[in-house]
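Please open the structure in your viewer and keep the selection tool at hand, as this tour moves from one selection to the next.

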Amino acid sequence: DNFEANGYELIDMLNKPYDQGMKVSANFRPDETLKAGEQIITRIIKPQVNFKGVMIQAAQVEVSVSE
């Protein structure tokens, strides 16, 4: 709440689909439980931070991909 009051926003990406057009640094790991072609963000290493609607820190994430 304090971050938001000062114009900062942490973007929630956990368990969301990954898209190659995203501005993130991604590490990939195979996951045999996913459907073919599925790519899901399963870990946030460093969150994306926006300040007044503009990204000031890109996220670093781990993406689980189907085999």
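**A tour of the salt bridges**

Begin by selecting Arg29, which counts as partly exposed at 35% relative accessibility (partly exposed lies between buried, under 20% relative accessible area, and exposed, over 50%, with a 1.4 Å probe and protein chains only). Before going on, note that this is a predicted model, in which local features need pLDDT of at least 70 and side-chain atom pairs count only at pLDDT 80 or more, while totals for chains, interfaces and linings use all residues. Residues are numbered from 1 along each chain as its sequence is written, and side-chain values use heavy atoms, with hydrogens and water left out.

Next, add Glu62 to the selection: Arg29 forms a salt bridge with Glu62, and their closest N and O atoms are 3.1 Å apart (a salt bridge is a side-chain nitrogen of Lys or Arg within 4 Å of a carboxyl oxygen of Asp or Glu). This pair links distant parts of the chain, as Arg29 lies in strand E2 (residues 24-30) and Glu62 in strand E6 (residues 59-65), 33 residues apart; strands (E) are DSSP runs of at least two residues, numbered from the N terminus. Glu62 is buried, with a relative accessible area of 18%.

Now select Arg43, whose side chain meets that of Glu62 in a salt bridge at 3.9 Å, N to O. Here Arg43 belongs to strand E3 (residues 39-46), 19 residues from Glu62 in strand E6. Arg43 is partly exposed, with a relative accessible area of 44%. Finally, show Arg29, Arg43 and Glu62 together, since salt bridges that share partners join them into one network.

Key. Helices (H or I, at least four residues) and strands (E, at least two) are DSSP runs, numbered from the N terminus.
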